Amino acid sequence: MKEIKNGKIILPEGIVEKNLYFNEKICEKNIADEVIDAKNLYVSAGFINIHIHGYFGFDIMDNCTEVQKNLPKSGVTSFLPTTMTMPLEKIKKSLEEIKKSPNEGAKILGVNLEGPYISEKFKGAQSEKNIRKPNFFEIIDEYKDLIKIVTIAPEETDEEFFEECRKAGIIISIGHSAADYETAINAIKNLGAKHITHLFNAQSKLNQREPGIVGAALDSNAICEIICDNVHVHPMLQRLLWKVKPHDEIILITDSLSAAGLGDGIFSLGGQSVYVKKNIATLEDGTIAASVAGMNQVLKNFKNNVGCSIEEVVNLATKNPAVELGIFDRIGSLEIGKSADIVIFDEDFKIHRVFINGVEVNLQPI
Ligand code: FE
(Lines give C-alpha, C1' and ligand atoms only; values in the text may rest on other atoms or scores of the structure.)
Protein backbone atom coordinates (compact mmCIF):
# COMPACT_ATOMS: atom_id res chain seq x y z
CA MET A 1 0.00 0.00 0.00
CA LYS A 2 1.32 3.45 -0.96
CA GLU A 3 0.27 6.85 0.37
CA ILE A 4 0.71 10.25 -1.27
CA LYS A 5 0.87 13.10 1.23
CA ASN A 6 1.21 16.88 0.84
CA GLY A 7 -0.50 16.84 -2.56
CA LYS A 8 -3.26 18.97 -4.03
CA ILE A 9 -5.51 16.12 -5.11
CA ILE A 10 -7.52 16.97 -8.23
CA LEU A 11 -10.93 15.30 -8.36
CA PRO A 12 -13.57 15.99 -11.07
CA GLU A 13 -15.40 18.35 -8.66
CA GLY A 14 -12.39 20.25 -7.40
CA ILE A 15 -9.15 20.16 -5.45
CA VAL A 16 -8.98 18.55 -2.03
CA GLU A 17 -6.09 18.38 0.39
CA LYS A 18 -6.08 14.82 1.65
CA ASN A 19 -3.81 11.83 1.48
CA LEU A 20 -4.24 9.37 -1.36
CA TYR A 21 -3.92 5.62 -0.75
CA PHE A 22 -3.37 3.05 -3.47
CA ASN A 23 -2.00 -0.30 -4.49
CA GLU A 24 -2.83 -1.10 -8.12
CA LYS A 25 -6.12 0.71 -7.44
CA ILE A 26 -7.10 3.79 -5.44
CA CYS A 27 -8.06 2.64 -1.94
CA GLU A 28 -9.73 3.78 1.26
CA LYS A 29 -7.49 5.17 4.00
CA ASN A 30 -5.16 2.40 5.11
CA ILE A 31 -1.78 1.68 6.62
CA ALA A 32 0.85 2.38 3.97
CA ASP A 33 4.30 0.85 3.72
CA GLU A 34 5.54 3.56 1.36
CA VAL A 35 4.87 7.29 1.76
CA ILE A 36 5.36 9.61 -1.22
CA ASP A 37 5.80 13.31 -0.55
CA ALA A 38 4.02 15.27 -3.32
CA LYS A 39 5.72 18.47 -2.10
CA ASN A 40 2.56 20.55 -2.46
CA LEU A 41 2.28 19.78 -6.20
CA TYR A 42 -0.87 18.79 -8.08
CA VAL A 43 -1.90 15.13 -8.09
CA SER A 44 -4.39 14.04 -10.74
CA ALA A 45 -5.58 11.01 -12.63
CA GLY A 46 -3.23 10.17 -15.50
CA PHE A 47 -3.92 11.94 -18.77
CA ILE A 48 -5.68 10.03 -21.57
CA ASN A 49 -4.74 10.91 -25.15
CA ILE A 50 -7.26 9.59 -27.66
CA HIS A 51 -5.56 10.98 -30.79
CA ILE A 52 -1.82 10.53 -31.14
CA HIS A 53 0.42 9.27 -33.96
CA GLY A 54 3.80 9.29 -32.29
CA TYR A 55 6.04 10.62 -29.58
CA PHE A 56 9.70 10.99 -28.71
CA GLY A 57 11.11 9.77 -32.02
CA PHE A 58 8.71 6.87 -32.58
CA ASP A 59 5.68 6.50 -34.87
CA ILE A 60 2.85 4.27 -33.73
CA MET A 61 2.56 2.77 -37.25
CA ASP A 62 6.13 1.47 -36.89
CA ASN A 63 6.85 1.07 -33.20
CA CYS A 64 3.91 1.54 -30.86
CA THR A 65 5.80 -0.10 -27.99
CA GLU A 66 8.38 2.68 -27.84
CA VAL A 67 5.64 5.34 -27.98
CA GLN A 68 4.00 3.58 -25.04
CA LYS A 69 7.19 3.57 -23.00
CA ASN A 70 7.85 7.28 -23.57
CA LEU A 71 4.34 8.73 -23.24
CA PRO A 72 4.34 8.97 -19.42
CA LYS A 73 6.94 11.75 -19.76
CA SER A 74 4.02 13.96 -20.84
CA GLY A 75 1.71 12.68 -18.08
CA VAL A 76 -0.13 10.23 -20.35
CA THR A 77 -1.02 6.94 -18.67
CA SER A 78 -3.36 5.56 -21.35
CA PHE A 79 -4.05 6.31 -25.00
CA LEU A 80 -5.53 5.34 -28.33
CA PRO A 81 -2.70 4.84 -30.83
CA THR A 82 -3.97 6.53 -33.99
CA THR A 83 -3.32 5.10 -37.44
CA MET A 84 -2.84 7.16 -40.61
CA THR A 85 -4.15 6.88 -44.17
CA MET A 86 -1.73 4.27 -45.51
CA PRO A 87 -2.03 1.15 -47.70
CA LEU A 88 -4.45 -1.39 -46.19
CA GLU A 89 -1.72 -3.96 -45.64
CA LYS A 90 0.36 -1.45 -43.67
CA ILE A 91 -2.63 -0.47 -41.50
CA LYS A 92 -3.36 -4.14 -40.78
CA LYS A 93 0.28 -4.82 -39.93
CA SER A 94 0.25 -1.90 -37.46
CA LEU A 95 -3.02 -3.13 -35.91
CA GLU A 96 -1.49 -6.60 -35.45
CA GLU A 97 1.56 -5.09 -33.78
CA ILE A 98 -0.50 -2.85 -31.54
CA LYS A 99 -2.52 -5.92 -30.50
CA LYS A 100 0.66 -7.72 -29.50
CA SER A 101 2.35 -4.72 -27.88
CA PRO A 102 3.51 -5.62 -24.36
CA ASN A 103 1.90 -3.60 -21.61
CA GLU A 104 4.87 -1.43 -20.70
CA GLY A 105 4.34 2.25 -20.08
CA ALA A 106 1.10 3.97 -21.03
CA LYS A 107 -1.83 1.58 -21.42
CA ILE A 108 -3.35 0.97 -24.85
CA LEU A 109 -7.12 1.44 -24.66
CA GLY A 110 -7.74 0.48 -28.28
CA VAL A 111 -7.07 2.12 -31.63
CA ASN A 112 -8.25 5.32 -33.27
CA LEU A 113 -8.50 4.67 -37.02
CA GLU A 114 -7.90 8.03 -38.74
CA GLY A 115 -8.34 7.30 -42.40
CA PRO A 116 -8.29 5.82 -44.96
CA TYR A 117 -12.03 6.72 -45.16
CA ILE A 118 -11.66 10.47 -45.56
CA SER A 119 -12.15 13.17 -48.20
CA GLU A 120 -9.39 14.17 -50.62
CA LYS A 121 -10.58 17.77 -50.26
CA PHE A 122 -9.58 17.90 -46.59
CA LYS A 123 -6.82 15.33 -46.46
CA GLY A 124 -4.61 17.55 -44.27
CA ALA A 125 -1.37 15.66 -43.77
CA GLN A 126 -2.89 12.30 -44.78
CA SER A 127 -1.65 10.74 -48.02
CA GLU A 128 -4.12 11.20 -50.89
CA LYS A 129 -3.19 8.08 -52.85
CA ASN A 130 -4.25 5.81 -49.97
CA ILE A 131 -7.70 7.35 -49.39
CA ARG A 132 -10.49 4.78 -49.85
CA LYS A 133 -14.26 4.60 -50.06
CA PRO A 134 -15.57 3.56 -46.61
CA ASN A 135 -15.99 -0.19 -46.34
CA PHE A 136 -16.60 -1.68 -42.89
CA PHE A 137 -15.58 -5.18 -43.92
CA GLU A 138 -12.09 -4.57 -45.33
CA ILE A 139 -10.35 -3.68 -42.03
CA ILE A 140 -12.72 -2.79 -39.21
CA ASP A 141 -14.73 -6.00 -39.06
CA GLU A 142 -11.60 -8.06 -38.30
CA TYR A 143 -10.41 -5.61 -35.63
CA LYS A 144 -13.73 -4.42 -34.23
CA ASP A 145 -12.72 -5.27 -30.65
CA LEU A 146 -9.55 -3.19 -30.99
CA ILE A 147 -10.85 -0.15 -32.89
CA LYS A 148 -12.64 2.36 -30.65
CA ILE A 149 -12.95 5.40 -32.95
CA VAL A 150 -13.06 5.70 -36.73
CA THR A 151 -12.86 8.99 -38.63
CA ILE A 152 -15.04 9.24 -41.71
CA ALA A 153 -16.14 11.84 -44.23
CA PRO A 154 -19.95 11.42 -44.02
CA GLU A 155 -20.47 12.67 -47.59
CA GLU A 156 -18.46 9.63 -48.78
CA THR A 157 -20.07 7.13 -46.40
CA ASP A 158 -23.14 4.96 -46.94
CA GLU A 159 -25.69 4.14 -44.23
CA GLU A 160 -24.57 0.53 -43.98
CA PHE A 161 -21.15 1.64 -42.78
CA PHE A 162 -22.71 3.77 -40.03
CA GLU A 163 -24.96 0.89 -39.02
CA GLU A 164 -22.12 -1.66 -38.80
CA CYS A 165 -20.02 0.73 -36.68
CA ARG A 166 -22.97 1.37 -34.37
CA LYS A 167 -23.56 -2.38 -33.99
CA ALA A 168 -19.86 -2.92 -33.20
CA GLY A 169 -19.88 -0.12 -30.61
CA ILE A 170 -17.26 1.89 -32.51
CA ILE A 171 -17.40 5.67 -32.11
CA ILE A 172 -17.98 7.33 -35.48
CA SER A 173 -16.07 10.58 -35.79
CA ILE A 174 -16.57 13.20 -38.50
CA GLY A 175 -13.31 14.58 -39.82
CA HIS A 176 -11.08 15.20 -42.83
CA SER A 177 -14.37 15.98 -44.54
CA ALA A 178 -15.97 18.52 -46.85
CA ALA A 179 -19.50 17.72 -45.63
CA ASP A 180 -21.91 20.63 -45.50
CA TYR A 181 -23.82 21.44 -42.30
CA GLU A 182 -26.89 19.42 -43.33
CA THR A 183 -24.87 16.27 -44.09
CA ALA A 184 -22.88 16.57 -40.87
CA ILE A 185 -25.88 17.27 -38.62
CA ASN A 186 -27.78 14.37 -40.22
CA ALA A 187 -24.84 12.06 -39.49
CA ILE A 188 -24.84 13.23 -35.86
CA LYS A 189 -28.58 13.25 -35.22
CA ASN A 190 -29.71 10.30 -37.34
CA LEU A 191 -26.76 8.06 -38.18
CA GLY A 192 -24.94 7.81 -34.86
CA ALA A 193 -21.84 9.98 -35.41
CA LYS A 194 -20.84 11.15 -31.93
CA HIS A 195 -17.45 12.76 -32.27
CA ILE A 196 -15.61 15.40 -34.29
CA THR A 197 -11.98 14.75 -35.26
CA HIS A 198 -9.79 17.75 -34.37
CA LEU A 199 -12.52 20.40 -34.50
CA PHE A 200 -11.63 23.35 -36.78
CA ASN A 201 -8.84 21.46 -38.59
CA ALA A 202 -9.25 19.59 -41.90
CA GLN A 203 -13.02 20.13 -42.23
CA SER A 204 -15.60 22.49 -43.76
CA LYS A 205 -15.54 25.82 -41.94
CA LEU A 206 -18.15 28.02 -40.25
CA ASN A 207 -19.40 30.48 -42.85
CA GLN A 208 -22.46 32.66 -42.55
CA ARG A 209 -24.54 30.76 -45.12
CA GLU A 210 -22.62 27.47 -44.93
CA PRO A 211 -22.11 26.55 -41.26
CA GLY A 212 -20.23 23.39 -42.25
CA ILE A 213 -18.95 20.73 -39.88
CA VAL A 214 -17.85 23.34 -37.35
CA GLY A 215 -21.45 24.62 -37.25
CA ALA A 216 -22.83 21.09 -36.80
CA ALA A 217 -20.34 20.42 -34.00
CA LEU A 218 -21.33 23.57 -32.11
CA ASP A 219 -25.05 23.00 -32.75
CA SER A 220 -25.20 19.41 -31.46
CA ASN A 221 -24.00 17.24 -28.61
CA ALA A 222 -21.10 15.76 -30.61
CA ILE A 223 -17.93 15.40 -28.58
CA CYS A 224 -15.28 17.76 -29.94
CA GLU A 225 -11.60 16.93 -29.74
CA ILE A 226 -9.28 19.88 -30.21
CA ILE A 227 -5.53 20.18 -30.82
CA CYS A 228 -4.27 22.76 -28.34
CA ASP A 229 -0.67 23.24 -29.44
CA ASN A 230 -1.52 26.88 -30.33
CA VAL A 231 -0.43 26.17 -33.91
CA HIS A 232 -3.50 24.29 -35.16
CA VAL A 233 -6.24 26.35 -33.47
CA HIS A 234 -6.07 30.04 -32.58
CA PRO A 235 -6.50 30.74 -28.85
CA MET A 236 -9.60 32.83 -29.61
CA LEU A 237 -11.34 29.76 -31.09
CA GLN A 238 -10.39 27.74 -28.02
CA ARG A 239 -12.13 30.43 -25.93
CA LEU A 240 -15.15 30.38 -28.22
CA LEU A 241 -15.46 26.61 -27.86
CA TRP A 242 -15.25 26.92 -24.06
CA LYS A 243 -18.06 29.50 -24.11
CA VAL A 244 -20.51 27.72 -26.40
CA LYS A 245 -19.96 24.01 -25.83
CA PRO A 246 -20.90 22.09 -22.66
CA HIS A 247 -17.60 21.37 -20.93
CA ASP A 248 -18.21 17.63 -20.82
CA GLU A 249 -18.25 17.61 -24.64
CA ILE A 250 -14.65 18.83 -25.08
CA ILE A 251 -11.59 16.56 -25.17
CA LEU A 252 -8.01 17.81 -25.50
CA ILE A 253 -5.68 15.90 -27.80
CA THR A 254 -2.15 16.36 -29.11
CA ASP A 255 -2.47 14.68 -32.55
CA SER A 256 1.30 14.54 -32.15
CA LEU A 257 3.78 12.93 -34.49
CA SER A 258 7.02 11.13 -33.76
CA ALA A 259 8.90 14.41 -33.49
CA ALA A 260 6.93 15.47 -30.41
CA GLY A 261 9.24 16.17 -27.51
CA LEU A 262 12.42 16.28 -29.63
CA GLY A 263 12.85 19.84 -30.97
CA ASP A 264 13.69 20.79 -34.59
CA GLY A 265 14.56 18.25 -37.29
CA ILE A 266 13.25 16.05 -40.12
CA PHE A 267 10.93 13.22 -39.12
CA SER A 268 8.43 10.87 -40.71
CA LEU A 269 4.63 10.83 -40.43
CA GLY A 270 2.73 7.97 -42.03
CA GLY A 271 5.44 7.53 -44.65
CA GLN A 272 5.84 11.23 -45.47
CA SER A 273 8.72 13.53 -44.45
CA VAL A 274 7.87 16.19 -41.91
CA TYR A 275 10.02 19.25 -41.19
CA VAL A 276 9.90 20.66 -37.66
CA LYS A 277 11.02 24.23 -37.04
CA LYS A 278 10.20 26.16 -33.87
CA ASN A 279 7.40 23.82 -32.79
CA ILE A 280 5.68 23.87 -36.20
CA ALA A 281 5.66 20.66 -38.23
CA THR A 282 5.02 20.90 -41.98
CA LEU A 283 5.07 18.61 -45.01
CA GLU A 284 7.41 19.46 -47.90
CA ASP A 285 4.67 21.58 -49.55
CA GLY A 286 4.16 23.65 -46.37
CA THR A 287 0.95 21.92 -45.19
CA ILE A 288 0.82 21.98 -41.39
CA ALA A 289 1.12 18.39 -40.22
CA ALA A 290 0.44 16.85 -36.84
CA SER A 291 1.60 18.65 -33.71
CA VAL A 292 4.80 18.29 -31.71
CA ALA A 293 3.15 19.06 -28.37
CA GLY A 294 2.99 16.76 -25.36
CA MET A 295 -0.26 16.25 -23.45
CA ASN A 296 0.95 18.35 -20.49
CA GLN A 297 1.64 21.21 -22.92
CA VAL A 298 -1.87 21.15 -24.44
CA LEU A 299 -3.43 21.26 -20.96
CA LYS A 300 -1.28 24.24 -20.06
CA ASN A 301 -2.10 26.03 -23.33
CA PHE A 302 -5.86 25.49 -23.03
CA LYS A 303 -5.97 26.60 -19.40
CA ASN A 304 -4.00 29.75 -20.20
CA ASN A 305 -6.08 30.49 -23.31
CA VAL A 306 -9.53 30.09 -21.80
CA GLY A 307 -8.82 31.00 -18.18
CA CYS A 308 -10.43 27.89 -16.68
CA SER A 309 -9.50 26.22 -13.40
CA ILE A 310 -6.98 23.43 -13.10
CA GLU A 311 -9.64 20.82 -12.31
CA GLU A 312 -11.69 21.94 -15.31
CA VAL A 313 -8.78 21.50 -17.72
CA VAL A 314 -7.78 18.16 -16.15
CA ASN A 315 -11.32 16.85 -16.73
CA LEU A 316 -10.88 17.48 -20.47
CA ALA A 317 -7.99 15.02 -20.58
CA THR A 318 -9.11 12.47 -17.98
CA LYS A 319 -12.81 12.23 -17.18
CA ASN A 320 -14.21 13.24 -20.58
CA PRO A 321 -12.23 10.74 -22.69
CA ALA A 322 -12.88 7.97 -20.14
CA VAL A 323 -16.64 8.69 -20.17
CA GLU A 324 -16.73 8.72 -23.95
CA LEU A 325 -14.90 5.40 -24.18
CA GLY A 326 -17.25 3.90 -21.57
CA ILE A 327 -14.46 3.17 -19.06
CA PHE A 328 -14.97 5.91 -16.46
CA ASP A 329 -15.82 3.20 -13.94
CA ARG A 330 -12.17 2.04 -14.23
CA ILE A 331 -9.99 5.07 -15.09
CA GLY A 332 -10.22 8.84 -15.53
CA SER A 333 -10.40 10.07 -11.93
CA LEU A 334 -8.81 9.38 -8.55
CA GLU A 335 -11.93 7.84 -7.06
CA ILE A 336 -11.75 4.75 -4.87
CA GLY A 337 -11.72 1.51 -6.86
CA LYS A 338 -10.24 2.96 -10.05
CA SER A 339 -6.80 2.14 -11.48
CA ALA A 340 -4.02 3.97 -9.69
CA ASP A 341 -2.94 5.90 -12.80
CA ILE A 342 -1.57 9.03 -11.16
CA VAL A 343 0.36 12.09 -12.33
CA ILE A 344 2.14 14.57 -10.07
CA PHE A 345 2.82 17.90 -11.77
CA ASP A 346 3.53 21.54 -10.99
CA GLU A 347 1.91 24.92 -11.82
CA ASP A 348 3.73 24.89 -15.14
CA PHE A 349 2.41 21.39 -15.97
CA LYS A 350 5.91 19.96 -15.71
CA ILE A 351 5.53 16.25 -14.96
CA HIS A 352 7.32 15.19 -11.77
CA ARG A 353 6.15 11.63 -11.08
CA VAL A 354 3.85 9.12 -12.79
CA PHE A 355 2.27 5.90 -11.53
CA ILE A 356 0.50 3.38 -13.76
CA ASN A 357 -1.56 0.69 -12.04
CA GLY A 358 0.15 1.87 -8.85
CA VAL A 359 3.69 1.29 -10.10
CA GLU A 360 5.98 4.29 -10.51
CA VAL A 361 7.28 4.87 -14.06
CA ASN A 362 10.89 5.88 -14.64
CA LEU A 363 10.68 9.22 -16.48
CA GLN A 364 14.37 9.42 -17.35
CA PRO A 365 15.41 9.05 -21.02
CA ILE A 366 15.35 5.36 -21.91
FE1 FE B 1 -4.42 12.80 -36.57
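This is a chat about strands, turns and charged residues in a predicted model.

Trainee: Which strands make up the open sheet of four strands, and in what order?

Mentor: The order is β5-β4-β1-β6, and the pairing is mixed. At the edges are β5 (26-27) and β6 (34-37), each of which pairs on one side only.

Trainee: How do β1 and β4 pair, parallel or antiparallel?

Mentor: Antiparallel, over three bridges between β1 (residues 2-5) and β4 (residues 20-22). Within that pairing, Ile 4 has Leu 20 as its bridge partner.

Trainee: Where is Ile 31, and is it buried or exposed?

Mentor: Ile 31 is in the loop between β5 and β6. Ile 31 is exposed, because its relative accessible area is 75% and the cut-off for exposed is over 50%. Its C-alpha atom is 8.4 Å from that of Lys 2, and the two residues are 29 apart along the chain.

Trainee: Moving on to β8. How many of its residues are buried?

Mentor: Six of the six residues in β8 (residues 47-52) are buried, so the strand is mostly covered.

Trainee: Which strand is joined to β8 by four bridges?

Mentor: That is β11 (residues 76-83), and the two run parallel. Opposite Ile 48 stands Ser 78 of β11.

Trainee: Now the hairpins. What does β20 pair with?

Mentor: One partner is β19 (residues 265-269), which pairs with β20 (residues 272-277) in the antiparallel sense over five bridges. Another is β21 (residues 280-282), joined to β20 by three bridges and also running antiparallel.

Trainee: Which residues face each other there?

Mentor: Leu 269 stands opposite Gln 272 in β20. On the β21 side, Val 276 has Ala 281 as its bridge partner.

Trainee: And the turns? Which residues have a positive phi?

Mentor: The hairpin of β19 and β20 has two residues between the strands, and Gly 270 there takes a positive phi near 50 degrees. The hairpin of β20 and β21 also has two residues between its strands, with Lys 278 in the turn at a positive phi of about 45 degrees.

Trainee: Why would a positive phi be worth a remark?

Mentor: Because most residues other than glycine have a negative phi.

Trainee: Where else does a residue that is not a glycine have a positive phi?

Mentor: Phe 56 is one of them, at about 55 degrees, and Asn 357 is another, at about 50 degrees. Phe 56 is in the loop between β9 (54-55) and β10 (58-59). Asn 357 lies in the loop between β23 (351-356) and β24 (359-360).

Trainee: How accessible are those two?

Mentor: Phe 56 has 24% relative accessibility and counts as partly exposed. Asn 357 is partly exposed as well, with a relative accessible area of 33%.

Trainee: Which peptide bond is cis?

Mentor: The one from Gly 115 to Pro 116, with omega near 15 degrees. Pro 116 lies in the loop between β13 (111-114) and β14 (147-152). Most peptide bonds are trans.

Trainee: Different topic: how many salt bridges are there?

Mentor: The structure holds 13. One of them joins Glu 347 and Lys 8, at 3.9 Å from N to O. Glu 347 lies in the loop between β22 (342-345) and β23 and Lys 8 in strand β2 (residues 8-11), so the pair ties together parts 339 residues apart in sequence.

Trainee: Are those two buried or exposed?

Mentor: Glu 347 is exposed, with a relative accessible area of 58%, whereas Lys 8 is buried at 16%.

Trainee: What other pairs form salt bridges?

Mentor: Asp 141 and Lys 144 form one, with the closest N and O atoms 3.1 Å apart. Arg 353 and Glu 360 form another, at 2.8 Å. Glu 66, Lys 69 and Glu 104 are joined into one network by salt bridges that share partners.

Trainee: Which residues form the negative surface patch?

Mentor: Asp 158, Glu 159, Glu 160 and Glu 163. Glu 160 lies in helix α3 (residues 159-168) and counts as partly exposed at 46% relative accessibility.

Trainee: Last one. Where is Asp 180?

Mentor: Asp 180 is in the loop between β15 (171-174) and α4 (181-190). Asp 180 is partly exposed, with a relative accessible area of 32%. The C-alpha atoms of Asp 180 and Ile 213 are separated by 6.4 Å, with the residues 33 apart along the chain.

Technical notes:
Residues are numbered from 1 along each chain as its sequence is written. This is a predicted model: local features need pLDDT of at least 70, side-chain atom pairs count only at pLDDT 80 or more; totals for chains, interfaces and linings use all residues. Side-chain values use heavy atoms; hydrogens and water are left out. Buried means under 20% relative accessible area, exposed over 50%, partly exposed in between (1.4 Å probe, protein chains only). Two strands pair if DSSP finds at least two bridges between them. Patches are made of residues with over 30% relative accessible area and no salt bridge: like charges are joined within 9 Å, nonpolar side chains (Val, Leu, Ile, Met, Phe, Trp, Tyr) within 5 Å. Accessible areas come from the Shrake-Rupley method with a 1.4 Å probe; for residues, only the protein chains shown count as cover. A salt bridge is a side-chain nitrogen of Lys or Arg within 4 Å of a carboxyl oxygen of Asp or Glu. Lys and Arg count as positive and Asp and Glu as negative; His and the chain ends are not counted. The place of a charge is taken as NZ of Lys, CZ of Arg, CG of Asp or CD of Glu.
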